[in-house]
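Hi there,

Here is the structure I promised to pass on. Have a look at it first, and then read my notes below.

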Amino acid sequence: MKKIIIILLALLVAGTVLSAQEITGLNIIENVYNRPTGNDQTADLTMSLVNSRGDERVRVINQFLKDFGELEKKIMFFVSPADVYNTSFMNWSYDEVGKDDDQWIYLPALKRVKRISSDSKSDYFMGSDFTYDDLGDRHPSADAHKLLREEEIDGEMCYVVESNPKEEEYMYSKTITWIMKDNWIGKKKEFYDEDDELLKTLTVKESVTLKDVIVITLSEMHNVQSDHKTIMKLENVQVNTGVADNKFTERMMKRGM
Amino acid sequence: MEKFLNKFLRFPKITMLVLLIISIAFFIVMKKNSKMETDLDKYMPQDHPAFVYSDEAEEIFNIQDGIIIAIENQDGIYQTETLQKVKDLTKQLGKMKEIEKSDVTSLYTADNIIGTEDGMDVKAFFKNVPTTDEGLQEIAEKVRANEMIFRRLVSENETVTVIIAEIGDDVFSQEFYHQILELVHSFEGPEKLYVAGVPIVEGSMAYLGPKDMKKMVPIVMLVIILVLLLVMKSVKNTIITMLVVAFSVVWAFGLMAAVNIPIYAVSTMLPVMLIAIGVADGIHLYSHLDLFLRKNPKATRKEAVSDMLKGMWKPVVMTSVTTSVGFISLLTSEIFPIKYFGLFTAFGVMAAMLFSLILIPSAILVFGFPKRKQKAISESKITKNPFSYKFAEGVIKYKTITLFLTITIVAVSIFGITKVWINSSFLDKFEKDSDIVLTDKFINENFGGTSNLNVIFEGKENDTMKSPQTLRLIDKLQNDVESRLDVVGNSFSLADYMRRMNKVMHADKEEFDTIPDSQELNAQYLLLYEMSGDPENLWKVVDYNFKTANMTIQLKSDNSKAINNAIAVVEEYKKDFEKLGVSVNYAGSGYKGLIFTDLILEGQIKSLIMSLFIIIILLAFMFKNFWAGLIGSVPIVITAVIGFGVMGLLNIPLSTTTALISSIAIGIGIDYAVHFIERYKIYAKETGDKQKTMQGTMHHSGRAIIFNATVVIAGFMVLLFSVFPPNRSLGALVSLNMFTSFLGTVTIMYLLLYKTNLFFKKK
């Protein structure tokens, strides 16, 4: 028993020494990147878009996503508004650096599946304030990270990390992320535009833990320059239910919900 | 009143000193507190329904006036250097603090909606400027294939492309204008660059008008001084008369500054008005003094002053009160700067009255009579039968001709009035060969137009604008207005997006360049559009909930006729839109300018009629005779009719400045009549003889009136040499008004007085 305590103590000391001295911005971002996300996920997504005048548009989407290792596939079906009911959208996102996503859309009124070629991850996702890049996981090696400080927000101790893109002509000049120390979940993120001015603020408001996987269920992206907001809310979230591989095909897009 | 005035005149030096001190105080306040207001929006009545609606629409769709920068390359714009300039200039404009980055549109920022093998994409035309011919040709091909861009951002002959920077109403300043020009000029060569657009025109005008006035007013003053010297033959009298004018201007502007009211563009007309009105009192007073001294060369200063005040205080007060009433009636206007203008001009007129009655006699008491050459007096004594007598007799003798001529001129003028048109155009106020007009012309030749009319379609519920019926009707209206009116260069709406998307989703087949058949398909295309790119541009043609849409009609002229013609076509469709539950309204600065001008005119006509009634009643009370009131108003009515008639005949449109001139017609015209009738009344009482009364009046008042008219006409003729056309019209019309007032008073009004036996009845 005594031995165990000593070992534990030693580990603890070593751990604190290690974290105090060695943890870097890169370590933190890698931890976030490598956080378990589950193999698949289904959910009802309510996306509320609010413009500067306070006008609101609400879209309800039924979404499925599955990790195929080097490839992540996602399929979404519009539930409302009524005039886009059963419009579906499929996205295949590749880990491979430089490889663009494959995207398809099915328009029921046209009864045809169409490819949308997205040559840029800086495109905004469905008129929201999230770009495709904001939604996906950016590989830690794409940026240079720097731990700025540690601070408490909303009662959570966070690392504050600044990330500067290595590529030129990236849509952001830098991002600053507040990462919760205890679960490696981002709490807040600031995006700066090409002129180094604050463009957007992402705030994570709620998350749930399902089968050891933490899923963010309520987040808000606020474009402070245009005062446009997007609120993403996930409901009926299920993780690792074994979504079938063939869920992510053009045939399924056409079939609808 | 006389006693009251005499109290001041007991201590003339102290009185003069006090007036001087107050004037200096006002001058200091004026120097310290005065500020110019150049934002034209501040002129608009904010609670007028048309403005409220337009402002709301402008906010929803971010409708702003755009500065248009055209880049011309004779060898075609698809050159690496030229496109690089488009990119760099676009970026630099976006970085200016007055311009929002997202409000700059150019080939660099424009979205290209294209059909791909199996879908649709929204892409930029270029990000990095290609250096190879193939790359450049590719951009050219893309532009040609996109009817949403071709002829809108790139001219048909591909030698000109434009960058449009939209700015808010309140950001334009002279400094900003120069910054833009400087920036644009730094990109010159071999390309030629041009700057145009509504903000530039408006801004230049708000700046040029007052600037030109500042330059012209001293020259006007100088000419008036010279003519005053000529007619008064006295330096002393001229100086004092000009002091009266100068003090009244200082008091009016001083009070304005003291109560914190800014100087608006119309306020720059204030000194003009006060010069025209203020010299009158001095001329009449000195003229009276002069005649008195001819008869009584031995009179003391006190006697002369006392006689002058006795004989003249009444008409001076009467003319000032009636003139002020004319200006105070401008309070009925819905436009605040015009209200203030009326109020402070009225105050200035009253101040001028005070100075005339106090400063002029005080100056005579202190400095003595004006020096007169003895010769002049003896000469005039010899003239037993002066011109004025002959003239008076002539008018009576040839009364039928006088009457006939008057009626003919009035009739022709009334015909002219029917041709008067209103113009709210800013561009028409510039010289035809000025840079600003030529640039505008150049851009209009190559593109859709530099002026916009926004038509706002509002449905009753969300998603109305996705309905095929509504979109088709909008599309039909667009085609109609574009094909029927030459002045319409282009139009743009959500319908253009829908047609473009329908076409590219059907492999660019022409037969699909139509509005999709179902609401669902429209909705799904729009969703697709939002997924494919930045939907920011969409919110300029439709609101967030697709309930309201904005159609932009591009006009090649900001002339009121152009806007009205376009509106007339849209109005034809109003019923069809109503059937679909869609209301049609208008927005934008051009439309607001139109409404604004209408409001000014409406107010002007209201105030003209009102002041006419008040003046008739005032005159009737003053002369204790109703007919005197009516007869007294004849010259001003004639003046106003001829003034507007000439504008109609000479095709001078009514605008804010020209409309205000009718206030001078009333303000000054009435002065002549009052002086004349008052003198007529005095002589009628004194002599009881019509012949003598008529001769005496013509000799006394007629003389002063012609002096007065000469001085002011000469002064305002100077404005004919102004570089700013509206100021030229102002000079010409004021001169004309003075002349007709004068002529009307000594001919037709005089004839009426004579024929009605007014003031003789009791005998």
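Let me start in chain B, where strand β2(B) is joined by two bridges to strand β5(B), residues 160–167, and the two run antiparallel. One residue to click on is B:T105, whose bridge partner in β5(B) is B:I164. Please keep in mind that this is a predicted model.

Those two strands belong to an open sheet of four strands in chain B, with antiparallel pairing and the order β2-β5-β1-β6. Which strands stand at the edges? They are β2 (104–105) and β6 (192–196) of chain B; each has a single partner strand, so one side of each is left without a neighbour in the sheet. As a reminder, strands of a sheet pair through backbone hydrogen bonds, either parallel or antiparallel.

Two helices are worth finding next. Helix α4 of chain B, residues 80–95, lies across β1 (65–72), β2 and β5 of chain B, and runs at about 5 degrees to β5(B). Helix α15 of chain B, residues 435–446, also packs on the sheet, where it touches β1, β5 and β6 of chain B. The direction of α15(B) makes about 100 degrees with that of β6(B).

Now for chain B as a whole. The chain has 25 helices and 10 strands, and its C-alpha trace spans about 110 × 50 × 40 Å along the principal axes. Of its 763 residues, 50% are buried. If you take the contacts in chain B between residues at least 6 apart in sequence, 81% of them join residues at least 24 apart.

Chain B also touches chain A, and the contact takes 25 residues from chain B and 20 residues from chain A. On the chain B side, the elements that give two or more residues are β4 (119–124) and α18 (519–532). The largest share comes from α18(B), with 10 residues. By residue type, that side of chain B divides into nine nonpolar, eight polar and eight charged residues.

Finally, a word on confidence. The mean pLDDT of chain B is 85, and 96% of its residues reach 70 or more. Where does pLDDT stay under 50 in chain B? That happens over residues 373–382, for which the model has six contacts beyond four places in sequence. For the complex, the predictor gives an ipTM of 0.82 and a pTM of 0.78.

Happy browsing, and do write back with any questions!

Best wishes

Terms used
Residues numbered from 1 in each chain as written. Chains lettered and ligands numbered in written order. Predicted model: local features only at pLDDT ≥ 70, side-chain atom pairs only at ≥ 80, totals over all residues. Contact = placed C-beta atoms within 7 Å. Nonpolar A, V, L, I, M, F, W, Y, C, P; charged D, E, K, R; others polar. Pairing = 2+ DSSP bridges. Axes fitted to C-alpha atoms, helices over the stretch in contact; angles between N-to-C directions. pLDDT = per-residue confidence, 0-100. Buried ≥ 20, exposed ≤ 12 C-beta atoms within 10 Å, placed from the backbone.
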